[in-house]
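Reader: I would like to go through some of the labels used for this structure and hear what each one rests on. Could you start once the structure is in view?

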Amino acid sequence: MAQQLIKAPPTKNTLLKLKKQEKFLTDGHDLLERKRELLTRLVYGRIDDYRRLRDESEQALAMGYRCLRVSHLRLGSRGIHQAALGAKPALKVDILPRRALGVEYPSVNSERIQLNPSGLLGTDASFDTTRDSLANAAVLLARLAEVEIALHRLLEEQRKTQKRVNALKYNIIPLYRRTIHFIQSSLEEEERNTLFQIKLLREQAEA
């Protein structure tokens, strides 16, 4: 089966253009390969953060729900609902765009706000403990969300970059190199034929 070639006239100008394009593609492949390696490092770094934050978030949520169950037993659903209506926010969250190697993802900055005791009639300390525990869990969940989104987008960009690297390495660059080799062989064959014809003409002229 004949190998595929670029449809182009086998001339010296075409050969020069293809060589320039092949060098450009090779340089592009090297840059993409470097980007893929950097993305891989970022992904592995984020995986460690993701696992740590996931474990910490699970523990914080478990603590928060334990406190909530205690508050529910002491105050009941209606009491918690009424107390929550008058409670001030316990968390401040700022979300800003961030970029790394062309990948954009949200940067989440979460801060605890000092809680004042609820002091409402019919509440006790368990309600404030629940608020504090759930606020701590929310801080960790905000960080976990940032890392998880960043990890997902970095992995997606890594996959795209890997596809481009493979396409250049195994398809596009070999196609250009085959075509360059074919044109070089054609020009060399044409040059040999020309030299042979010149030699014949000289021999005929001498005879």
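Author: Leucine 101 is a good starting point, and its place is in the loop between S1 and S2, where helices (H or I, at least four residues) and strands (E, at least two) are DSSP runs, numbered from the N terminus. This is a predicted model, in which local features need pLDDT of at least 70 and side-chain atom pairs count only at pLDDT 80 or more, while totals for chains, interfaces and linings use all residues. Residues are numbered from 1 along each chain as its sequence is written, and side-chain values use heavy atoms, with hydrogens and water left out.

Reader: Why is leucine 101 called partly exposed?

Author: Buried means under 20% relative accessible area and exposed over 50%, with partly exposed in between (1.4 Å probe, protein chains only); leucine 101 has a relative accessible area of 34%, so it is partly exposed.

Reader: What makes the phi of leucine 101 worth a remark?

Author: Phi of leucine 101 is near 55 degrees, which is a positive value in a residue other than glycine.

Reader: Why does glutamate 22 count as buried?

Author: Glutamate 22, which lies in helix H1, has 15% relative accessibility and therefore counts as buried. Leaving aside neighbours within four places in sequence, glutamate 22 is in contact (heavy atoms within 4.5 Å) with Ile173, Tyr176, Arg177 and Ile180.

Reader: And why does proline 89 count as exposed?

Author: Proline 89, placed in the loop between helix H1 (12-85) and strand S1 (91-100), is at 60% relative accessibility, so it counts as exposed.
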